[in-house]
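Thanks for asking me to look this one over. Here are my notes, set out so that you can follow along with the viewer open.

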Amino acid sequence: MLLLAAGALAVSAGLTGGTHARTLTSAQRYAAFDWMAHWYPMAWTRDLPVDRPTRVTLFDDDYAVVLRSDGQPPLALRDACPHRLAALSEGRLTEQGFLQCAYHGWAFDDSGACKAIPQLPAGGSLASACTRAATAVVSQGILWLHPAPRGTAPLPEVPRVPEMDDDRYKWSPAVRDLPIDYSLLVENILDPDHGLFAHQLPAFDLYSASPDAPQRVTVRAVEDEAEDEAAAFAIESRVAAWAKLTRRQAESAGSTAVRTAYAAASADTPQLEASSTFRPPAVIVSCRRDGAGASSFLTCFFLSPTGVGRTRFMAAGGGPGLRKAG
């Protein structure tokens, strides 16, 4: 699928996981995938104001989200007041914890129920003035949003990277909004062969494959009691972490520059294994691990399809003892 190297790909035929998971083919698992049944990363919390609304976008739908200082989960509402469709992200958080529209003062709680219309006569009904609410949580420094209507249960667990809970690891977060379709960006991240040329970084070659170092790709079930087992899967590639393309170029061309690049790319010991794991739809983790599964550096990618031809790209590189950014 992704991560292909001609003549050097060994793919596991089955899915690992529970009894039900093993009865599904890869095609059935892909077909069962429900895009609206998953969490999506919206922003690094360090980039969000507290007790003030911010607009975020997912699948061309805008949401007003608020990080709250009172310890309550983030608020997430459709970014359009049902009165005159004014952006709620231009409003304010009231003392009662409601999101108040800046246009006429209508206010909503985190379920989307209207709690105040200043112009409404005493005794008037607020029942029909609700707006759509989603569920948002904070996990590992990221604000995640689930697009299902608030109150939908059960929701799957929020994806986590175990090393991001390890105090020894320091991380350098980044974010960019790119005019690139989500599917193209996923393919780009999982394509190691472009790194030597597009980024001029020999270390990418450690993730590439060759006839004598084939790449092994496994599709495995993700066990999550709260998630539909038919839809949850991860795609993982593994390959010996030593230089392939640069080595071949050095041997055939004899170029001093290429030999230097090969030496830099071959600095790691051969027993390391380069892996990339994609847990659709939002998380990709690339790293090199030793025989015990430990890694000295990880690159984590968190992706959200903000709209047609647009993607929010969030990334963090981290390792033990690195300087903490910001």
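The points below go from the whole chain to single strands and residues.

1. **Overall picture.** Please keep in mind that this is a predicted model. The protein chain holds six helices and 18 strands. Of its 326 residues, 46% count as buried. Among contacts with a separation of 6 or more, 57% are between residues 24 or more positions apart.

2. **Confidence.** The average pLDDT of the protein chain is 84, and 81% of the residues score at least 70. Two stretches deserve a flag. Over residues 1–22 the pLDDT stays under 50, although the model has 51 contacts beyond four places in sequence for them. Residues 225–230 also stay under 50, with 16 contacts beyond four places in sequence. Where pLDDT is low, the predicted coordinates should not be read in detail. I would treat the contacts of residues 1–22 and of residues 225–230 in that light.

3. **Strand E16.** Is strand E16 buried or exposed? Six of the seven residues in this strand (residues 283–289) are buried, so E16 is largely enclosed by the rest of the structure. On one side of the pairing list is strand E15 (residues 273–279), which runs antiparallel to E16 and is joined to it by seven bridges. One of these partnerships is Phe-278 with Ile-284 of E16. The hairpin that joins E15 to E16 passes through three residues. E16 also pairs with strand E17 (residues 298–307), again antiparallel, over five bridges. There, Ser-286 has Thr-299 of E17 as its bridge partner.

4. **The largest pocket.** This pocket holds about 670 Å³ of space. Which of its 34 lining residues are the closest to the centre? They are Phe-204, Tyr-207, Ser-286, Thr-299 and Phe-301. Two of those names will be familiar from the previous point, where Ser-286 and Thr-299 came up as bridge partners. Helix H3 (182–189), strand E14 (233–240), E15, E16 and E17 each supply at least two residues of the lining. E16 gives the most, with four residues. By type, the lining divides into 18 nonpolar, eleven polar and five charged residues.

5. **Strand E11.** Five of the five residues of E11 are buried, so this strand too is largely enclosed by the rest of the structure. Both of its faces are covered: Ile-142, Trp-144 and His-146 are buried on one side, and Leu-143 and Leu-145 are buried on the other. Strand E2 (residues 40–44) runs antiparallel to E11 and is joined to it by four bridges, with Pro-41 facing Trp-144 as its bridge partner. Strand E10 (residues 135–139) is likewise antiparallel to E11, over five bridges, and here Thr-135 has His-146 as its bridge partner. The hairpin of E10 and E11 has two residues between the strands, and in it Gln-140 takes a positive phi near 55°.

6. **Glu-163.** This residue sits in the loop between strand E11 (142–146) and strand E12 (169–178). With a relative accessible area of 13%, Glu-163 falls under the 20% cut-off and counts as buried. What does Glu-163 contact, leaving aside its neighbours within four places in sequence? The list is Tyr-169, Trp-171, Arg-289 and Leu-298.

7. **Arg-176.** For contrast, take Arg-176, which is in strand E12. Its relative accessibility is 56%, so Arg-176 counts as exposed, the cut-off being over 50%. Not counting residues up to four places away in sequence, Arg-176 touches Thr-311, Arg-312 and Phe-313. The C-alpha atoms of Arg-176 and Met-314 are 6.5 Å apart, with the two positions 138 residues apart in sequence numbering.

8. **A sheet of four strands.** An open sheet has the order E6-E7-E8-E9, with antiparallel pairing. Strand E6 (92–93) and strand E9 (114–116) stand at the edges with a single partner strand each, so one side of each is left without a neighbour in the sheet. The partner of E9 is strand E8 (residues 107–108), and these two pair in the antiparallel sense over two bridges. In that pair, Phe-108 has Cys-114 of E9 as its bridge partner.

Conventions: Residues are numbered from 1 along each chain as its sequence is written. This is a predicted model: local features need pLDDT of at least 70, side-chain atom pairs count only at pLDDT 80 or more; totals for chains, interfaces and linings use all residues. Side-chain values use heavy atoms; hydrogens and water are left out. Buried means under 20% relative accessible area, exposed over 50%, partly exposed in between (1.4 Å probe, protein chains only). Two strands pair if DSSP finds at least two bridges between them. Contact means heavy atoms within 4.5 Å. pLDDT is the predictor's confidence in each residue, from 0 to 100. On a 1 Å grid over the protein atoms alone, a cavity is a set of points where a 1.4 Å probe fits but cannot get out, and a pocket is an open set with protein on both sides within 12 Å along at least five of seven lines; lining residues have an atom within 4 Å of a point. Grid points are joined across faces, edges and corners, and a volume is the space filled by probe spheres set on the points. Ala, Val, Leu, Ile, Met, Phe, Trp, Tyr, Cys and Pro count as nonpolar, Asp, Glu, Lys and Arg as charged, and the others, Gly among them, as polar.
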